[in-house]
Amino acid sequence: MKKRILSGMRPSGKLHLGHAEGVLKYWAKLQDEYECYYEIADLHALTTDYQDTSEIKENIQEMMVDWLCLGLDPKKSALFIQSEVPEHSELHLLLSMIVPLPWLERCPTYKEQLKQIKDKDISTYGFLGYPVLQAADILLYRANAVPVGEDQLPHLELTREIVRRFNHLYKKKVFPEPGPLLTKTPKIPGIDGRKMSKSYHNCIYLSDSKKVVREKVMQMFTDPKRIHKKDKGHPEGCVVFAFQGIYNKERVSTIKKDCLSAKIGCTDCKKILCEKLVKSLEPLLEKRKEFVAQPKLIKDILNEGRKKAGETARMTLQEVKEAMKI
Ligand code: TRP
Ligand code: SF4
């Protein structure tokens, strides 16, 4: 039997190349090796955005299209919306009974976000329970492994602690302890050289048109020491060069040489990248057009995912209740 994985993403808007290279391509690859459950974590989105929920529905649609374009395959994986499988909420409640408050209060992501997020009031019961909800997500499917970024490791550790406490309290090994499958931090910077992130306004989105992609490439930061074309360049630290390394692998070593010897100028280098990048994004844009034209298909896929996830979730929840004698 294949091992199981679960992972999720909050529907916080359209995805960018960093998501594609760092996370989604990995998720897509895992589909052949594991039984996969991938959820759109809309309840998690509520923990921070409960005051303004106006964009959640649209973001879910957008995210699903991005997932499908990048190769998440409803024939292989359950692709579903967290809130459409009510067992997530029920297991979250049951687990909340056994999780000691200090475990949550000392969670580094919790402390960090309380300090950082100032424009929203997140001093709520729901936000404190964020990692319990995440544990419920994972445990409902008895996932053996969870593909996550490094920032999520404390949540996974907490999930394992909850597993040990649950299995010990109710004297039954209902849950396995899930381990991480680390997703590598993508080597792609944003167009200004910082980490690619929506809040920095430096992203290339999977949904950007070719024209927009070209404009963004032309705005990319290059070697600041290179003022004239005859100045020798320093490719390390240059955003364009980092992109060449991913989207133009065949030519990257030549470009490096030509940059170091000032044989190629930055504008030409950007033009070369434009063509490569646009070419590699073209099939995605084609697929996007197809999916966007078929809202019924997306709906069917999500229904299918809800059914598949729901079946597994119901079985687990029943065992949980039996173990807890309720
Ligand atoms: N907290 C995760 C994030 O912000 C998203 C998430 C929700 C998740 N449920 C999950 C990740 C379950 C892994 C497993 O990225
Ligand atoms: Fe960067 Fe290319 Fe200019 Fe070199 S030539 S600094 S790699 S944009």
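## Two domains and a ligand site

Domain 1 and domain 2 bury about 830 Å² between them, with 66% of that area on carbon and sulfur atoms. The model is predicted. Ligand 1 has a shell of 14 residues around it. The protein covers 91% of the 360 Å² of accessible area that ligand 1 has on its own.

**The two domains**

- Domain 1 is assigned two stretches, 4–188 + 295–324.
- Domain 2 is assigned residues 208–289.
- Taken over C-alpha atoms, the centres of domain 1 and domain 2 are 36 Å apart.
- Eight residues from domain 1 and nine residues from domain 2 take part in the contact.
- On the domain 1 side, L17, C69 and I188 supply 55% of the area buried against domain 2. No other three residues supply more of that area.

**The shell around ligand 1**

- The closest residues to ligand 1 are E39, Y130, Q134, D137 and Q152.
- By type, the shell holds six nonpolar, five polar and three charged residues.
- β1 (4–9), α8 (130–140) and β4 (145–148) each supply at least two residues of this shell.
- α8 gives the most, with four residues.

**Polar atoms at ligand 1**

- The side chain of D137 has an N or O atom 2.8 Å from a nitrogen atom of ligand 1.
- The side chain of Q152 places an N or O atom 3.0 Å from a nitrogen atom of ligand 1.
- For R10, the partner is an oxygen atom of ligand 1, at 3.1 Å from a side-chain N or O atom.

Definitions and conventions:
Residues numbered from 1 in each chain as written. Chains lettered and ligands numbered in written order. Predicted model: local features only at pLDDT ≥ 70, side-chain atom pairs only at ≥ 80, totals over all residues. Heavy atoms only, no water. Near = heavy atom within 4 Å. Polar contact = N/O pair within 3.5 Å; in protein donor to acceptor, adjacent residues only side chain to side chain. Areas by Shrake-Rupley, 256 points an atom, 1.4 Å probe, with all protein chains shown as cover. Nonpolar A, V, L, I, M, F, W, Y, C, P; charged D, E, K, R; others polar. Domains from an automatic or database assignment. Contact = heavy atoms within 4.5 Å. Buried area = accessible area lost by both parts, 1.4 Å probe.
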